[in-house]
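These entries record what I looked up in the structure shown below. I kept them in the order in which I worked.

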Amino acid sequence: MLRSTVLAFAALVSLTSATPLIYDGRAPFNYTIEDLDNSVDPYLSVVKGAMNASHYTQLLGHALNATPLWSPNLWSPVEQPITISIDNTSIFVPGSGTPQNGFRRTDLIAQKDGNHTALNAIADVGTTVFHVSIMEELEKPLNMSHEYQIVWIEPNDGSHVFEIQLGSPFTIPTGTVPVSDARFLKVRNHALDLLFETPFTPHDWHNFAVQIDWKNLTLGIFYSTNGEPLKAVTGLVENSSASPGAAGQGDYHFGVLKLPLADPNETASQQGDVVHFGIQEGDTEALTYSGIFIESIIGGVSAGYGKTIAPIS
């Protein structure tokens, strides 16, 4: 039964993704909370607080329709959306053993065949496109006085090949917050230059695709809302501060990483260490995701409904 369900899912995906898939992070309906807790493909779910992964990430089943771009119709969805949340227990303790007290974070990391590093070696070469769709969780809103990193690729040096942000950028000392464009989704390159921003309107799926040329170190951004096909919203933009080759390859993260506010009572060194120090406010906050996959550009870039458009050149 499980095998037939997986094969049926794969058949649907072949109808709705137009170019070769390198990674598919669209949660099938047979994916369970037990799978999530045990980091079963397509997610590595260890970057979280002390509770089980399913405490922080909810599988929505048919309670909410995913972005319509990749389903044949609303009656034949290919995936269930996932809501990723943080709360005051969302303090990650990495292998170093030092708790990240400055952050509140829950990340899912793309993995295939139980190995996220091996996925990087095939996804982070040539020119590839990283897809994701994001919706606001109105009952668990973000605090827009803080900075949130919600999608990124992270090499071993801790930098981000690109990132999608929300909220008010972290500053020392904390400036006037929230900033005027706090409720805008912002796409930034490795050097944190702003490439594209758009209002984070409620009730809408915000669909992104980020084209990455790993050899020539460029980016290009596609965007749409709800069922509108993806369109290019930038030209080719340089990403020359990123590292070439294996040093620049990294994990594909999607989730909620909330930075602190600078604490005026801490030392200058502590204020600059956003991972371990600073002020956190509030409790449960969340975002909802769907449409997560990575594709080759052979045959074009998937725009939705099995259609392709030309890569940005």
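**Entry 1. Strand E12 and its partners**

I began with Gln211 and looked for its bridge partner in E12, which is Gly220. The model I am reading is a predicted one. Gln211 falls within strand E11, residues 206-213, and this strand pairs with E12 in the antiparallel sense over 8 bridges. I then examined the connection and found that E11 and E12 form a hairpin with 4 residues between them. Within that turn, Leu217 has a positive phi of about 55°.

I next followed E12 to strand E13 (residues 231-232), to which 2 bridges join it in an antiparallel arrangement. Here Tyr223 stands opposite Lys231. This second hairpin has 5 residues between its strands, and Asn226 takes a positive phi near 50°.

E12 also pairs with strand E14 (residues 237-238), again antiparallel, over 2 bridges. In this pairing I noted Leu219 opposite Val237.

How many of the residues of E12 are buried? I find 7 of 8, and E12 is thus mostly covered.

**Entry 2. An aromatic pair that involves E12**

I searched the whole structure for aromatic pairs and obtained 8. One of them joins Phe196 and Tyr223, with 5.3 Å from centre to centre and 50° between the planes. I classed this pair as tilted, because planes under 30 degrees apart would count as stacked and those over 60 as edge-to-face. The two residues lie 27 residues apart and link distant parts of the chain: Phe196 is in strand E10, and Tyr223 is in strand E12 (residues 218-225).

Are these two rings buried or exposed? Buried means under 20% relative accessible area. Phe196, at 14%, therefore counts as buried. Tyr223, at 11%, is buried too.

I also recorded one aromatic cluster, formed by Tyr31, Tyr43, Phe130, Trp214, Tyr252 and Phe254.

**Entry 3. The sheet that contains E10**

I traced an open sheet of 7 strands in the order E2-E5-E15-E7-E8-E9-E10, with antiparallel pairing. Which strands form its edges? They are strand E2 (43-47) and strand E10 (194-199), each of which pairs on one side only. On average, neighbouring strands of this sheet are turned by 20° against each other, direction ignored.

Inside the sheet I checked one pairing in detail. Strand E8 (residues 162-167) runs antiparallel to strand E9 (residues 184-189), and the two share 4 bridges. Gln165 stands opposite Lys186 of E9.

**Entry 4. The nonpolar cores**

I looked up the largest nonpolar core and found 47 residues in it. Those with the most contacts inside this core are Ile134, Ile150, Ile164, Phe208, Tyr252 and Tyr289. A second, separate core has 11 residues, including Val78, Ala209, Ala303 and Ile312. As background, nonpolar side chains tend to be buried together in soluble globular proteins.

I then listed the surroundings of Ile164, leaving aside its neighbours within four places in sequence. Among its contacts are Val132, Ile134, Tyr148, Ile150, Val151, Leu185, Val187 and Phe208. Gln149 and Lys186 are also in contact with Ile164.

**Entry 5. The annotated domain**

Finally, I consulted the UniProt record. The entry is unreviewed and carries the annotation "domain: Glycoside hydrolase 131 catalytic N-terminal" over residues 21-298. I noted that this span is 8% helix and 37% strand. The C-alpha atoms at its two ends lie 10 Å apart.

Key. Residues are numbered from 1 along each chain as its sequence is written. This is a predicted model: local features need pLDDT of at least 70, side-chain atom pairs count only at pLDDT 80 or more; totals for chains, interfaces and linings use all residues. Side-chain values use heavy atoms; hydrogens and water are left out. A nonpolar core is a set of buried Ala, Val, Leu, Ile, Met, Phe, Trp, Tyr and Cys residues joined through side-chain atoms within 4.5 Å. Buried means under 20% relative accessible area, exposed over 50%, partly exposed in between (1.4 Å probe, protein chains only). Contact means heavy atoms within 4.5 Å. Two strands pair if DSSP finds at least two bridges between them. Axes are lines fitted to C-alpha atoms, for helices over the stretch in contact, and angles run from 0 to 180 degrees between N-to-C directions. UniProt positions are given in the numbering used here, feature names are shortened, and annotations may be inferred rather than shown by experiment. Rings of Phe, Tyr and Trp (its six-membered ring) pair if their centres lie within 6.5 Å; planes under 30 degrees apart count as stacked, over 60 as edge-to-face and the rest as tilted.
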